[in-house]
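Please look through the structure below. The report that follows covers the sheet, the helices, the ligand shell and the backbone.

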Amino acid sequence: MSERETAFVTGAAKGIGKAIVERLAGEGYRVVAVDRLEAVHDVARALAGAGHAVEAQVLDIRDRAAIGATLDRLAPLDVLVNNAAVTSTFPFDELTEDHFREMFEINTLGTFAVAQEGARRMRNGGRIVNIASRSFAGAPQMAHYAASKTAVVGLTRAMAIDLSPRDIRVNAVAPGVVDTDMLHYMTPERQKVMLSLQLLGRIGKPEDIARAVSFLASRENHYMTGHVLVVDGGRSLGQGQLPPEEDPHA
Ligand SMILES: NC(=O)c1ccc[n+]([C@@H]2O[C@H](COP(=O)([O-])OP(=O)(O)OC[C@H]3O[C@@H](n4cnc5c(N)ncnc54)[C@H](O)[C@@H]3O)[C@@H](O)[C@H]2O)c1
């Protein structure tokens, strides 16, 4: 990168967010990593110690005033990655409005607040990547989460239209099942079923998602906007792996 660009990444203390910070830092961005967990400082310290331009701040994406104050300090922004989110599972009949509210307050409204405050301080030609989820296609016992992430898909597409006059490209990555703490809500039995549904025979790694984010966040990404890049190891094809005795190539 000729001139160092500034990237802002939420939910960066662990999991996919941490992998995104590592990837963008390795590519030469100045990265500002935020999370509501103090552990985000450890992520920044380790990378700064290795010579990368990474700083951290504890921030809750529901706190619009704090988001604005932090972004004021960083402007102009080049890249924004909206990654922070929460999940849980409940049988549909047990879901309450409070469960729904929590998902929408963080996953949808929090994403909107960061996107809007970020866009206001972004250079023309900037890039926004929202982390959605393959659950927009449906997911068992996660109606509240799937609805909140489907809203992120709609937000992404609408923002792509509204920010196009400034040449700000807005895209989303929709991960399938990825090996992070977020997976721990699944019982070992459910994890086994999930694994059997992965066409490529493995659960995704945070780095698989970070690679897709880096592609969409790149300055070179001139002509993609409003796109939802599904990164799910082929699961959307609706096929699991064949048992070895039925696989002609095994
Ligand atoms: N792991 C998966 O299988 C999977 C699948 C599809 C989509 N995703 C999405 O990927 C993204 C990252 O998830 P992950 O798997 O790394 O989960 P994770 O739980 O490991 O990390 C999420 C991070 O977001 C932070 N966070 C949550 N609420 C916050 C708030 N209000 N303010 C600031 N930070 C907050 C958490 O502290 C945590 O560090 C999320 O948007 C998630 O919905 C994950």
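## Strand pairing and the sheet

Strand β6 (residues 169-175) pairs with β7 in the parallel sense. The pairing runs over 4 bridges. One contact can be named: Ala172 has Val228 of β7 as its bridge partner. This is a predicted model.

Both strands belong to an open sheet of 7 strands. The strand order is β3-β2-β1-β4-β5-β6-β7, and the pairing is parallel. At the edges lie β3 (54-58) and β7 (228-231), each of which pairs on one side only. On average, neighbouring strands in this sheet are turned by 20 degrees against each other, direction ignored.

## Helices on the sheet

Helix α2 (residues 40-49) packs on the sheet. It touches β2 (30-35) and the edge strand β3. The direction of α2 makes about 170 degrees with that of β3.

Helix α5 (residues 143-162) lies across β5 (122-131), β6 and β7. Relative to β6, α5 runs at about 160 degrees.

## Helix α1 against helix α7

How do the axes of α1 and α7 cross? Helix α1 covers residues 15-26 and helix α7 covers residues 206-217. Their axes come within 8 Å and cross at roughly 50 degrees. An angle from 35 to 65 degrees counts as oblique, so α1 and α7 are oblique to each other. The crossing of α1 past α7 is right-handed.

On the α1 side, the contact involves Gly15, Ile16, Lys18, Ala19, Ile20, Arg23 and Leu24. They meet Pro206, Glu207, Ile209, Ala210, Arg211, Val213, Ser214 and Ala217 of α7. By class, the residues of this contact divide into 9 nonpolar, 2 polar and 4 charged.

## Helix α3 against helix α4

The axes of helix α3 (residues 64-74) and α4 come within 10 Å. They cross at roughly 30 degrees. Angles under 35 degrees count as roughly parallel, so α3 and α4 are roughly parallel to each other. Here too a right-handed crossing is found, with α3 passing α4.

From α3, the residues in contact are Arg64, Ile67, Gly68 and Leu71. Their counterparts in α4 are Ala113, Val114, Glu117 and Gly118. This contact has 4 nonpolar, 2 polar and 2 charged residues.

## The ligand shell

Which residues come nearest to the ligand? Of the 29 residues around it, these are Gly11, Gly15, Ala85, Thr180 and Met182. Gly15 also takes part in the contact of α1 with α7.

Helices α1 and α4 (97-120) each supply at least two residues of the shell. The most comes from α1, which gives 3 residues. Sorted by class, the shell holds 14 nonpolar, 9 polar and 6 charged residues.

## Backbone details in two loops

A cis peptide bond joins Ala75 and Pro76. Its omega is about 0 degrees. Pro76 sits in the loop between α3 and β4 (77-82).

Gln141 is a second point to check. Its phi is positive, at about 60 degrees, although Gln141 is not a glycine. Gln141 lies in the loop between β5 and α5. Helix α5, on one side of that loop, lies across β5, β6 and β7.

Notes:
Residues are numbered from 1 along each chain as its sequence is written. This is a predicted model: local features need pLDDT of at least 70, side-chain atom pairs count only at pLDDT 80 or more; totals for chains, interfaces and linings use all residues. Axes are lines fitted to C-alpha atoms, for helices over the stretch in contact, and angles run from 0 to 180 degrees between N-to-C directions. Angles under 35 degrees count as roughly parallel, over 145 as roughly antiparallel, 65 to 115 as roughly perpendicular and the rest as oblique. A crossing is left-handed if the near helix is turned anticlockwise from the far one by less than a right angle, and right-handed if clockwise. Two residues are in contact if their C-beta atoms, placed from the backbone, lie within 7 Å. Ala, Val, Leu, Ile, Met, Phe, Trp, Tyr, Cys and Pro count as nonpolar, Asp, Glu, Lys and Arg as charged, and the others, Gly among them, as polar. Two strands pair if DSSP finds at least two bridges between them. A residue is near a molecule or strand if its C-beta atom, placed from the backbone, lies within 6 Å of it.
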